[in-house]
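Dear colleague,

Please find the structure below, handed over for your use. My findings follow it.

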Amino acid sequence: MIVTIDGVAASGKSSVASGVARALGIPYVSSGLLYRAATLLGLEAGLPLHQAAALLAHLQGNSLRLEPRAEGNRVWAGERELTLELHSSRVDAGVSAVAALPEVRAWVDAQLRALPEPFVAEGRDMGTTVFPHAEAKFYLTASPRVRAERRAKERPEDVPVIEAALTERDRLDTVQSAPAPDAQVIDTGPLTLEGVIEEVLASVRA
Ligand code: ADP
Ligand code: CDP
């Protein structure tokens, strides 16, 4: 069984996916962390983020891999854990350029499709491109202001700065961010995190 949770930046995907996965007793898979890790490694190596061939070779040479778990995903480059370095503003600013490369998308998709089921997969295109056959699909939204206020609790920047960066990332991610036609769209703005998790679980169990 695969459940997909897609949505715009900071809409609650990973928190909701983690809650749903824990309730179902299965792992969740954060596709965004692979794009973030590819970006971090590219930046550290001084590679131009639009040069797919060099970037891919670097990712493969560093044995980049995702460790899905219900409590939170971890990302490794060989023996080095990258997890805590993936949510910086520097990675935020570069990740959409890396995610726009078809070669990088194909590499991420292959990593995800090799994972053993069952799991909850979250990202932008889980229900459309990567797992179109998923049993249940969800798409999370919320206004830019609500999302920026939530993320401001996790970042040093102010709400307006975060809101501008989120809106710009939404724009750059538009191509891969359309909801699947069979996805249930949930506006998380008026709901609590627990409320969103309950709504998803009720639909999965129906
Ligand atoms: P994403 O994975 O889409 O970037 P996150 O899961 O990181 O989003 O969520 C951003 C923050 O919003 C988290 O701290 C989460 O707990 C918080 N949050 C607050 N209310 C909600 C809600 N109703 N639904 C989802 N997340 C919420
Ligand atoms: O949680 P947030 O939306 O801030 O970021 P994320 O889900 O970790 O995704 C980071 C970036 O990776 C996005 O801005 C997209 O550029 C890219 N991404 C993607 O293109 N496709 C996915 N399935 C997941 C992420």
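**Ligand 2 and its surroundings**

A polar side-chain atom of Arg105 is placed 2.8 Å from an oxygen atom of ligand 2. Please bear in mind that the model is a predicted one, and that the values in this message are to be read accordingly.

Two further contacts of this ligand deserve mention. In the side chain of Arg151, an N or O atom lies 2.5 Å from an oxygen atom of ligand 2. For Asp173, a polar side-chain atom is likewise found 2.5 Å from an oxygen atom of ligand 2. On its own, ligand 2 has 520 Å² of accessible area, of which the protein covers 97%.

The shell around ligand 2 holds 19 residues, and those that come nearest are Arg36, Arg124, Arg151, Asp173 and Gln176. Helix 2 (31–44) and helix 4 (89–99) each contribute at least two residues to this shell. Helix 2 gives the most, with 4 residues. The largest pocket is the space that ligand 2 takes up.

**Ligand 1 and its surroundings**

Ligand 1 also occupies the space of the largest pocket. It is surrounded by 15 residues, the closest being Lys13, Ser15, Arg151, Glu154 and Leu191. Arg151 is thus listed among the closest residues of ligand 1 and among those nearest to ligand 2.

The polar contacts of ligand 1 involve both side chains and backbone, and include the following:

- Lys13: an N or O atom of the side chain is 2.8 Å from an oxygen atom of ligand 1.
- Ser15: a polar side-chain atom is 2.6 Å from an oxygen atom of ligand 1.
- Leu191: a polar backbone atom is 2.6 Å from a nitrogen atom of ligand 1.

Taken alone, ligand 1 exposes 570 Å², and the protein buries 82% of that area. Helix 1 (13–24), helix 7 (144–152) and helix 9 (193–205) each supply at least two residues of the shell. The largest share, 3 residues, comes from helix 1.

**The aromatic pair**

A search of the whole structure returned 1 aromatic pair. Its members are Phe119 and Phe131, whose rings are arranged edge-to-face, with 5.3 Å from centre to centre and 65° between the planes. The two residues are 12 apart and the pair links distant parts of the chain: Phe119 belongs to strand 6 (residues 119–123), and Phe131 to the loop between helix 6 (126–130) and strand 7 (136–141). Both Phe119 and Phe131 are buried.

**Contacts between distant parts of the sequence**

Phe119 also takes part in a long-range approach to Val3: these residues are 116 apart along the chain, while their C-alpha atoms are separated by 6.6 Å. Val3 is located in strand 1. With a relative accessibility of 0%, Val3 counts as buried.

A second approach of this kind concerns Asp173, which was named above as a contact of ligand 2. Ser96 and Asp173 are 77 residues apart in sequence, yet 6.3 Å apart in space from C-alpha to C-alpha. Ser96 is part of helix 4, which also supplies at least two residues of the shell around ligand 2. Because its relative accessibility is 5%, Ser96 counts as buried.

**Backbone geometry**

Most residues other than glycine have a negative phi, and most peptide bonds are trans. Three places in the backbone may be checked against this background.

The peptide bond from Glu117 to Pro118 is cis, with omega near 0°. Pro118 is located in the loop between helix 5 (102–113) and strand 6.

Ala10 is not a glycine, but has a positive phi of about 60°. Its position is in the loop between strand 1 (2–7) and helix 1. Is Ala10 buried or exposed? Its relative accessible area is 12%, so Ala10 is buried.

Ser63, again not a glycine, has a positive phi of about 50°. Ser63 sits in the loop between helix 3 (52–61) and strand 3 (64–67). Its relative accessibility is 43%, and Ser63 therefore counts as partly exposed.

Yours sincerely

Definitions and conventions. Residues are numbered from 1 along each chain as its sequence is written. Chains are lettered from A and ligands numbered from 1 in the order in which they are written. This is a predicted model: local features need pLDDT of at least 70, side-chain atom pairs count only at pLDDT 80 or more; totals for chains, interfaces and linings use all residues. Side-chain values use heavy atoms; hydrogens and water are left out. Rings of Phe, Tyr and Trp (its six-membered ring) pair if their centres lie within 6.5 Å; planes under 30 degrees apart count as stacked, over 60 as edge-to-face and the rest as tilted. Buried means under 20% relative accessible area, exposed over 50%, partly exposed in between (1.4 Å probe, protein chains only). A residue is near a molecule or strand if one of its heavy atoms lies within 4 Å of it. A polar contact is a pair of N or O atoms within 3.5 Å; within protein, one must be able to donate a hydrogen and the other to accept it, and residues adjacent in sequence count only if both atoms are side-chain atoms. Accessible areas come from the Shrake-Rupley method with a 1.4 Å probe; for residues, only the protein chains shown count as cover. On a 1 Å grid over the protein atoms alone, a cavity is a set of points where a 1.4 Å probe fits but cannot get out, and a pocket is an open set with protein on both sides within 12 Å along at least five of seven lines; lining residues have an atom within 4 Å of a point. A molecule sits in a cavity or pocket if more than half of its atoms lie within 2 Å of its grid points.
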